[in-house]
Amino acid sequence: DTEVLASSKVVPSAAETETKKAFYSNEEKPAALFSTLPYYSMALFYAFIWYTIAKWQQPWLGAFVLFVAVPLGDVILPEDWLNPTEKQSKQLADDIYFKIPLYVIVIINWIYYFWILNYLTQNSFGFFYTVGVLFISGGQVATIFPVSHELIHKQDMLGRLVGGLSLTPMLYTHYFIEHQYGHHRHVATPCDGAYSKLGESVYYNVPQAIKKVFFSTWEIEKRRLLEIEECSTHWHPKNRMIWYVISYPTFLAFIYAKFGLYGMEIALYLAFQAVVFLEAINYIEHYALERKEIAPGEYEKVNITHSWNAPHRLSNYLLFKVQRHSDHHENGYKPYQTLASYDGSPTLPNGYAFCVPLCFFPKFWFNTINPYVIKYRKGEKITTAEQANAKKWMNMFLGLVTTVFGLLMVLGFIFKP
């Protein structure tokens, strides 16, 4: 099939000697590609979290599902390696029904955000229960990132506006600029906030990334105004970063007026956890991957070897295929439903729902991921023994997470408010 062959990419790597996993369907419109229903799974998860809090008063059950059940689902369900052909990609890109789940999640996220502020400020709960609600809610606020990420990368003004504004509760709207004009330009180089060296801890990387994103956005806006807009100064009303910085205390003042000091403290915590989760995702997406420097300060073109992919089905549906990250970085404007997986891309041993908490435990993370990094850099296939050792560390971590969140869930039932 000439069309199928034209759609595939050839990247020299150890994957060339392995069994190919990425494939294409001969069906005209395979349901696995053309159905929008799986992308409403995040809406169902919001409803589930709301129900566990509002009706059952069991927030730790939601945490157990997110950090234990979802990773197990990724292991149990078959991996998602099905790619659209060029013809199917065009059909998918023109299908407006794939936009609806994005806007549905934006609306639900705002509703949930204000509901949780009202719920916690209008009721008096014990410390244990409140911590559980805050923890799972911080994770929920962070889940708007894949949706916002999808919207800000498109060229329609409504999508870009909605995508940018949806980052407001995270107090991280400036990410809208830096991600497109900083991260995508400098990815896998020391200039990028998400760049990390082999063995670099998330606890070092995330604070550095947050700082870099903030100051990089200032520089991007300064360069745009002085060089493109030809303004006399970057201290100009057209400087979006000025408005973003003003918007943060303004938004918090609004929260204070509606929900009081306690409500503002909750909003600050939710923003903190959401941003940490967001940058932890960036960390695992590009961990220890580097572009070759072909001249001082000049790097090879971005390709599908500069981001980690994860073909794990359940988390791919929940996160709008952001785990097909290599194709996204090579083709930033492709809609999520058209993104492809390639054998030549580095592949995470598990999905984001597992790797994000895993990276916060460096010993488990490094023993799991570093063998993959080292072999990938050498262009070699990871050995069976190395895979078994990495799997051993993953199983130990899954056991730890299951025990901890299982215990918290049981305690939640015992000390129900």
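The legends below walk through four close-up views of a predicted model. Local features need pLDDT of at least 70 and side-chain atom pairs count only at pLDDT 80 or more, while totals for chains, interfaces and linings use all residues. Residues are numbered from 1 along each chain as its sequence is written, and side-chain values use heavy atoms, with hydrogens and water left out.

**View 1. The largest cavity holds about 250 Å³ of space.** A cavity here is a set of points, on a 1 Å grid over the protein atoms alone, where a 1.4 Å probe fits but cannot get out. Grid points are joined across faces, edges and corners, and a volume is the space filled by probe spheres set on the points. By this rule there are three cavities of 30 Å³ or more. Lining residues have an atom within 4 Å of a point; the largest cavity has 16 of them, with Leu 66, Thr 143, Ile 281, Leu 319 and Ala 353 nearest its centre. Two or more lining residues come from each of α4 (59–76), α7 (127–142), α12 (240–286), α13 (313–318) and α15 (352–359). Helices are DSSP runs (H or I, at least four residues), numbered from the N terminus.

**View 2. The second largest cavity encloses about 60 Å³.** Look for Pro 146, His 149, Glu 150, Leu 319, Phe 320, Lys 321, Val 322, His 328, Tyr 336 and Leu 339 around this space. Helix α8 (residues 144–152) gives the largest share of the lining, three residues.

**View 3. Helices α15 and α17 (residues 384–414) cross at roughly 85 degrees, their axes coming within 11 Å.** Axes are lines fitted to C-alpha atoms over the stretch in contact, and angles run from 0 to 180 degrees between N-to-C directions. The crossing therefore makes α15 roughly perpendicular to α17, a label that covers 65 to 115 degrees. Phe 354, Pro 357 and Leu 358 of α15 meet Met 394, Phe 397 and Leu 398 of α17, where contact means heavy atoms within 4.5 Å.

**View 4. The second largest pocket offers about 370 Å³ of space.** A pocket is an open set of grid points with protein on both sides within 12 Å along at least five of seven lines. Among its 19 lining residues, Phe 135, Pro 357, Phe 360, Phe 361 and Phe 405 are closest to the centre. The elements that each give two or more residues are α4, α12, α15 and α17, and α17 has the largest share, with six.

Note on methods. Angles under 35 degrees count as roughly parallel, over 145 as roughly antiparallel, 65 to 115 as roughly perpendicular and the rest as oblique.
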